[in-house]
Amino acid sequence: MKESHADLVIQGLKEATVSVVCALPESHLKPVYVKASKDPTFRYIPVTNEGEGASIAAGVWLTGKKSVMIMENSGLRMATESLARLGLTHGIPVVLLMSYRGDLGEPNWWGIPHGITMEPLLHALRIPYVVVRKAADIIPSIVKARRSADTSKYHTAVIFSGEVIE
């Protein structure tokens with residue numbers, strides 16, 4: 001992700017009044033978590049796996065604050081059990097910001113399974129999502145995802161692809 005696009009993500013998080021950023025560092029979104037970790041607006045929490053991050057983000061929501069979980073889309077498989085329990089059982093929302101490995105044009109053979117499994121998992125978990133491919137859509141997508149999570153008391157996802165992560 002270009003620095004200018006990462007700046008838009010940070011601006012979107014601020015406009016969505018996010019105060020806690022959980023992240024499992026990954027290559028596509030590296031500029032975002034580096035900037036979030038240095039910005040005093042956010043408490044940055046690096047995690048060891050995506051399920052842990054989703055659970056921490058949910059705990060933040062229980063305190064009345066707003067959070068996001070940043071990860072590669074492959075982490076959705078790891079976080080599925082946590083997300084199912086938090087959302088389907090308890091109505092505790094987590095906003096996911098993910099890079100889209102395995103989208104059309106993926107240059108790495110190992111990224112293809114991430115794309116094959118992501119959307120079916122999002123559908124199975126009934127998580128509404130948007131795939132952001134244009135820089136102009138970054139900020140409004142983050143703000144809308146955060147708002148929808150608060151309104152629905154359920155997870156939402158913003159998935160970055162196309163020119164946004166190239």
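This section describes helix packing, salt bridges, burial and backbone geometry in a predicted model.

The packing of two helices is considered first. Helix H4, which spans residues 75-89, and helix H5, which spans residues 112-124, have axes that come within 9 Å of each other and cross at roughly 30 degrees. Because angles under 35 degrees count as roughly parallel, H4 is described as roughly parallel to H5. On the H4 side, the contact is made by Leu-76, Arg-77 and Thr-80. These residues meet Pro-113, His-114, Thr-117, Met-118, Leu-121 and Leu-122 of H5. By chemical character, the residues of this contact comprise five nonpolar, three polar and one charged.

Charged side chains also pair with one another, and nine salt bridges are found in the whole structure. One of them joins Asp-39 and Lys-14, with an N to O distance of 2.8 Å. Asp-39 belongs to the loop between helix H2 (30-38) and strand S2 (43-46), whereas Lys-14 belongs to helix H1 (residues 3-15), so this salt bridge ties together parts that are 25 residues apart in sequence. The two partners are not alike in their accessibility. Asp-39 has a relative accessible area of 13% and is therefore buried, while Lys-14, with a relative accessible area of 39%, is partly exposed.

Two further salt bridges involve residues of the segment around Asp-103. Between Arg-101 and Glu-106, the closest N and O atoms of the salt bridge are 3.9 Å apart, and both residues are buried. In the salt bridge of Arg-133 with Asp-103, the closest N and O atoms lie 2.8 Å apart. This second pair links distant parts of the chain, 30 residues apart: Arg-133 is in the loop between strand S5 (129-132) and helix H6 (138-152), and Asp-103 is in the loop between strand S4 (95-99) and H5. Arg-133 is partly exposed, at 38% relative accessibility, whereas Asp-103 is buried, at 13%. Elsewhere, Glu-3, Asp-7 and Lys-35 are joined into one network by salt bridges that share partners.

Asp-103 has a further partner in Ser-161, and the side chains of these two residues make a polar contact at 2.5 Å. Ser-161 is placed in the segment after strand S6 (156-160). Its relative accessibility is 4%, and the residue therefore counts as buried. When neighbours within four places in sequence are left aside, Ser-161 is in contact with Tyr-100, Asp-103, Val-131, Val-132 and Arg-133. Both members of the salt bridge between Arg-133 and Asp-103 are thus among the residues that Ser-161 contacts.

Burial was also examined in helix H2. The buried residues of this helix are Pro-31, Val-32, Tyr-33 and Ala-36. The elements that cover them include H1, strand S1 (20-23), S2 and strand S3 (67-72).

Finally, the backbone shows positive phi values at residues other than glycine. Thr-17 is one such residue, with phi near 55 degrees. Thr-17 is located in the loop between H1 and S1 and is partly exposed, its relative accessible area being 47%. Lys-153 likewise is not a glycine and has a positive phi, of about 60 degrees. Lys-153 is located in the loop between H6 and S6, and its relative accessible area of 39% places it in the partly exposed class.

Note on methods: Residues numbered from 1 in each chain as written. Predicted model: local features only at pLDDT ≥ 70, side-chain atom pairs only at ≥ 80, totals over all residues. Heavy atoms only, no water. Axes fitted to C-alpha atoms, helices over the stretch in contact; angles between N-to-C directions. Helix = DSSP H or I, 4+ residues; strand = E, 2+ residues; numbered from the N terminus. Parallel < 35°, antiparallel > 145°, perpendicular 65-115°, else oblique. Contact = heavy atoms within 4.5 Å. Nonpolar A, V, L, I, M, F, W, Y, C, P; charged D, E, K, R; others polar. Salt bridge = Lys/Arg side-chain N within 4 Å of Asp/Glu carboxyl O. Buried < 20%, exposed > 50% of the residue type's maximum accessible area, 1.4 Å probe, protein only. Polar contact = N/O pair within 3.5 Å; in protein donor to acceptor, adjacent residues only side chain to side chain.
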